Amino acid sequence: MEMILSFILIATTLMMGGESWALENCSQEQARLRAQVQQLEIRVKQQQVTIAQLLHEREVQFLDKGEENSVIDLGSKRQYADCSEIFNDGYKRSGFYKIKPLQSPAEFPVYCDMSDGGGWTVIQRRSDGSENFNRGWNDYENGFGNFVQRNGEYWLGNKNLHLLTTQGDYTLKINLEDFEKNSCYAQYKTFKVGDEKNSYDLHIGDYSGTAGDSLSGTFHPEVQWWASHQRMKFSTWDRDNDNYKGNCAEEDQSGWWFNRCHSANLNGVYYSGPYTAETDNGVVWYTWRGWWYSLKSVVMKIRPNDFIPNII
């Protein structure tokens, strides 16, 4: 009987020891797997950074090549503050030129629209959805896009918008077109973009045009408190400056002067007209085609208020 009890005691001890060993082994295995997951996450982030750097280098090379091949050479040492000065110096052909606003440290290329009275500096264009506008703060600050093709999509850059609009009083004109070949425009007598310290906030004046006033939100007094973009700071997915409890730029997948969130978002996702999505994140001008219609073409362009075309 004593032998049987001794055997049971030994077996029980071995089983308990085995369970303890198994639990210890399991904990060690979990710790090892967690460490591997952390290492993989770090590697994925490093690869994402590398990919982003390579894409940026490719884009810079693309833009540099475009400047060489497509910027119109004026053959003079004079520097122009904007496209209106180029127009009034006798250059009537629309295309890419280099300008240097008064406080800008360097020249940069921009598309000059010499139609519609001439002298318009194009600050943004949407035409075919070829460019990704769901970008972070640095890209919107410095500018991005296709500066090679006539209808290439681009954002001139918030730094450049500030430099341009602080050297005088500018008018903003926005040309809009839908997929049914209808077109309209919105014009604001004043357009000014603040500096980096003020998060490139938006200042606009009186509206005129055929598209309706989606930027100021004056289309209905009860919604203006959340629909107006007047004096709004610029927001991107990684720099949330809106008045919304969430992140408008993240939800609407673009950088813009969001409020709570928008009645206009010309940097939104490019859809082909009517669309469905979790949020109204298309290329939207509410007072013309509503929140659930994404426009085909957008051109945002500016010109000095006191511009008088030189027709000689």
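How many nonpolar, polar and charged residues does the lining of the second largest pocket have? I started my notebook there, keeping in mind that this is a predicted model.

**Entry: the pocket**

I sorted the lining of the second largest pocket by class and got 4 nonpolar, 7 polar and 7 charged residues. The lining is made up of 18 residues. I looked up which of them lie nearest the centre of the pocket and noted D113, R125, N151, S297 and V299. For the elements that give two or more residues to this lining, I wrote down β2, β3 (120-126), β6 (170-177) and β15 (297-304). The space in the second largest pocket comes to about 360 Å³.

**Entry: β1 and β2**

Since β2 had turned up in the lining, I checked its pairing. Strand β2 covers residues 108-113 and pairs with β1 in the antiparallel sense, over 5 bridges. I picked Y97 and found V110 of β2 standing opposite. Is β1 mostly covered or mostly open? Mostly covered: 4 of the 5 residues in β1 (residues 95-99) are buried.

**Entry: aromatic rings**

Next I went through the ring pairs, and the count came to 22 aromatic pairs. I pulled out Y140 and F144: their ring centres are 5.0 Å apart and their planes stand at 90°, so I logged the pair as edge-to-face. The cut-off for that label is over 60 degrees. Both partners are out of the solvent's way by the numbers: Y140 is buried with a relative accessible area of 0%, and F144 counts as buried at 1%.

Y140 also pairs with F234, with the ring centres 5.3 Å apart and the planes at 50°, so this one goes down as tilted. Which parts does that pair tie together? Y140 lies in helix α3 (residues 137-142) and F234 in the loop between α5 and α6, so the pair ties together parts that are 94 residues apart in sequence. I checked F234 as well, and it counts as buried at 0% relative accessibility.

I then followed the ring pairs outward and ended up with a cluster of F133, W137, Y140, F144, W155, Y200, F234, W256 and W257.

**Entry: K233**

I moved on to K233, in the loop between α5 (224-227) and α6 (248-252). Is K233 buried or partly exposed? Its relative accessibility is 39%, so I put K233 down as partly exposed. Leaving out neighbours within four places in sequence, I listed its contacts as N198, S199, D201, N241, W256, W257 and F258. W256 and W257 are names I already had from the ring cluster. With D201, K233 has a C-alpha to C-alpha distance of 4.0 Å, although the two are 32 residues apart in sequence.

**Entry: backbone oddities**

A reminder to myself: most residues other than glycine have a negative phi, and most peptide bonds are trans. I went looking for exceptions.

Where is there a cis peptide bond? One joins R260 and C261, with omega at about -5°. C261 sits in the loop between α6 and β11 (264-265).

Q253 is in the loop between α6 and β11 too. It has a positive phi of about 60° although it is not a glycine. At 32% relative accessibility, Q253 counts as partly exposed.

D116 is another non-glycine residue with a positive phi, about 55°. I found D116 in the loop between β2 and β3, and its 35% relative accessibility makes it partly exposed.

Notes
Residues numbered from 1 in each chain as written. Predicted model: local features only at pLDDT ≥ 70, side-chain atom pairs only at ≥ 80, totals over all residues. Heavy atoms only, no water. Buried < 20%, exposed > 50% of the residue type's maximum accessible area, 1.4 Å probe, protein only. Contact = heavy atoms within 4.5 Å. Pairing = 2+ DSSP bridges. 1 Å grid on protein atoms, 1.4 Å probe; cavity = no way out; pocket = protein on both sides within 12 Å on 5 of 7 lines; lining within 4 Å. Points joined across faces, edges and corners; volume = space filled by probe spheres on them. Nonpolar A, V, L, I, M, F, W, Y, C, P; charged D, E, K, R; others polar. Phe/Tyr/Trp six-rings, centres within 6.5 Å; stacked < 30°, edge-to-face > 60°.
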